[in-house]
Amino acid sequence: MANSFKNAIIAALMTAVIITPVFGLKLVRQGASMTLDPQWDLVLLGCGIVFVFHLFKPLLGRLFGGVKAPSMPALPANGQRWLGILLILLAVVWPFFGNRSQVDIGTVVMIYIMLGLGLNIVVGFAGLLDLGFVGFYAVGAYTYALLYHFYGWGFWEALPLSGMMAALFGFVLGFPVLRLRGDYLAIVTLGFGEIIRLLLVNMTTLTGGPDGISGIPKPTVFGYEMARRIKGEGQTFHQMMGWDFDSQHMMIYLYLMALVLALITLYVSNRLVRMPVGRAWEALREDEIACRSLGLNPTRIKLSAFTLGAAFAGFGGAFYAARQGMVNPESFTFIESALILAVVVLGGMGSQIGVILAAIILTILPEIAREFAEYRMLLFGLVMVLMMVWRPQGLLPVKRPHVELQK
């Protein structure tokens, strides 16, 4: 009992140190000055919960030690295929039954699906931990923004070049990390993402600095703008079709375009993993030494994974810039990389349908719990911890072909 009391005291003190800066010290603006409003009740409540839990932890272990966490049965490959078809059908009809905000949330879901599938190539298939994936996302977004700002390029002209530019950055990043593994690889890629963000902040003459670039146009439909009116001569898409202008039409168009890009990303990544390059990624993930002994070149395999994964992030970044109408460095922080990585881990590394399902959950969940916006990251971390206990392999882990020998 004395040992449990000592551990409970230490745990409560550590909890106080961690949560006091986050929940205990709140800044309140009063006119032109800022005042500190301590909220010690939240800190005491958190410390009390941790203290009681650790104090009675041995007793709880004896009472519930034999109780296992609930497990969810693995979905067979045929079931995953039908689930994917069902999700695609629901995604197609969604914008015609949802309101404006719901369709906009669906568009954000499609962007994260693109990013998750791109990172799934690097992390899930090739087994390379990348914490700076948001850097490629930023490269794609700023490529379109700069091409429009300086040369007047439209979205469809800049989209291929955005993907190619992000792929080039992925190829360049591949060289410094060829000899790195595990935590060292993660640290280097994390540094790459921060370098990109800091460059965007400090290159004010080119990128606009912290203010970013605004006034980026939305994608056109066969050269016609989906707007109420356009500057100068010409017709809008609604005038050409003889329709009355409705801003909902632009939201539906952006959603459907994001859906098409997500489906293309899904199709290409699905074909790649079935090709020799996909088998090489899996061999590299399982054992690099064995991969080298089979005559495969790990250098080319790593470069191909970084390049192709970055290309998909570049496409997603270009579409993000078109949807937002502006870009700034604060949209590409480390938390975005962590969220994309969480999509891959939560869905199941290497599982494409799992990544899609995780992107839907992690995007819609904060919108449902909007009243708990201040505790969004706390809830997000709690969900991840519960997943690691309940289903560490992910929601829908990939099932690889295998042969079992009869004894």
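**Exercise 1. What percentage of the 407 residues in the protein is buried?**

Keep in mind that you're looking at a predicted model.

- Step 1: Go for the burial figure. Buried residues account for 43% of the 407 residues.
- Step 2: Turn to the outside. About 22,900 Å² is exposed, and carbon and sulfur atoms supply 67% of that area.

**Exercise 2. Work out the secondary structure and how contacts spread along the sequence.**

- Step 1: Tally the elements. You should get 17 helices and four strands.
- Step 2: Take contacts between residues at least 6 apart in sequence; 73% of these join residues at least 24 apart.

**Exercise 3. Place aspartate 130 and describe its surroundings.**

- Step 1: Find the spot. Aspartate 130 sits in the loop that runs between α5 (100–125) and α6 (134–151).
- Step 2: Look for a charge partner. Aspartate 130 is buried but makes no salt bridge. The nearest side chain of opposite charge belongs to lysine 302, 13 Å away, while a salt bridge needs the atoms within 4 Å.
- Step 3: Check the backbone instead. A polar atom of the aspartate 130 side chain lies 2.9 Å from the backbone nitrogen of glycine 132.
- Step 4: List the contacts, skipping neighbours within four places in sequence. Aspartate 130 touches Leu119, Val122, Val123, Phe136, Thr189 and Phe306.

**Exercise 4. Sort out the disulfides and two of the cysteines.**

- Step 1: Count disulfides. There are zero in the structure.
- Step 2: Is cysteine 47 buried or exposed? The cut-off for buried is under 20% relative accessible area, and cysteine 47 has 12%, so cysteine 47 is buried.
- Step 3: Repeat for cysteine 291. Its relative accessible area is 1%, so cysteine 291 is buried too.

How values were computed. Residues numbered from 1 in each chain as written. Predicted model: local features only at pLDDT ≥ 70, side-chain atom pairs only at ≥ 80, totals over all residues. Heavy atoms only, no water. Helix = DSSP H or I, 4+ residues; strand = E, 2+ residues; numbered from the N terminus. Buried < 20%, exposed > 50% of the residue type's maximum accessible area, 1.4 Å probe, protein only. Lys, Arg positive; Asp, Glu negative; His and termini not counted. Polar contact = N/O pair within 3.5 Å; in protein donor to acceptor, adjacent residues only side chain to side chain. Contact = heavy atoms within 4.5 Å. Areas by Shrake-Rupley, 256 points an atom, 1.4 Å probe, with all protein chains shown as cover. Disulfide = S-S within 2.5 Å.
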